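Here is a short tour to read alongside the sequence and the 3D view. Feel free to keep the viewer open and follow along.

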Amino acid sequence: MEALILVVIGVIALPILLLASRGGGEKGTGNGAARPRARFRRCPRCGSPIIDHGSYWECGWCGDYGQY
């Protein structure tokens with residue numbers, strides 16, 4: 001039963017998280033040019049979202065890290 005509840009929560013939360021990670025558009029800026037969006041990056045080892053520290057990245061799940 002607990003697994004079913006977790007699956008239902010995941011099905012509901014995943015689209016919301018994906019929409020939130022896309023960020024807002026540049027509508028109404030007045031200049032007509034949209035700013036390019038940053039690429040959503042994932043860890044090459046486990047596929048989890050990474051933490052961007054500027055010149056390097058770190059995976060919060062498996063601990064892998066690297067430089068850009």
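## Burial and surface

Just 10% of the 68 residues in this protein count as buried. Please keep in mind that we are looking at a predicted model. The accessible surface of the protein comes to about 6,000 Å², and carbon and sulfur atoms hold 61% of that area.

## Fold and contacts

One helix and three strands make up the secondary structure of the protein. Following the sequence, you will meet them in the pattern α-β-β-β.

How much do residues 24 or more positions apart add to the contacts with a separation of 6 or more? In this protein they account for 2% of those contacts.

## Confidence

The protein has a mean pLDDT of 77, and 72% of its residues reach 70 or more. Among the elements, the highest mean pLDDT, 92, belongs to strand β2 (residues 56–59). The lowest, 79, belongs to helix α1 (residues 2–22).

## A nonpolar patch

Which residues make the nonpolar surface patch of about 860 Å²? The members are Met-1, Leu-4, Ile-5, Leu-6, Val-8, Ile-9, Ile-12 and Ile-16.

Let us pick out one of them, Ile-5, which sits in helix α1. Is Ile-5 buried, exposed or partly exposed? Its relative accessible area is 44%, so Ile-5 is partly exposed. That value lies between the cut-offs of under 20% for buried and over 50% for exposed. Patch residues need over 30% relative accessible area, and Ile-5, at 44%, fits that requirement.

Conventions: Residues are numbered from 1 along each chain as its sequence is written. This is a predicted model: local features need pLDDT of at least 70, side-chain atom pairs count only at pLDDT 80 or more; totals for chains, interfaces and linings use all residues. Side-chain values use heavy atoms; hydrogens and water are left out. pLDDT is the predictor's confidence in each residue, from 0 to 100. Helices (H or I, at least four residues) and strands (E, at least two) are DSSP runs, numbered from the N terminus. Buried means under 20% relative accessible area, exposed over 50%, partly exposed in between (1.4 Å probe, protein chains only). Contact means heavy atoms within 4.5 Å. Accessible areas come from the Shrake-Rupley method with a 1.4 Å probe; for residues, only the protein chains shown count as cover. Patches are made of residues with over 30% relative accessible area and no salt bridge: like charges are joined within 9 Å, nonpolar side chains (Val, Leu, Ile, Met, Phe, Trp, Tyr) within 5 Å. A salt bridge is a side-chain nitrogen of Lys or Arg within 4 Å of a carboxyl oxygen of Asp or Glu.
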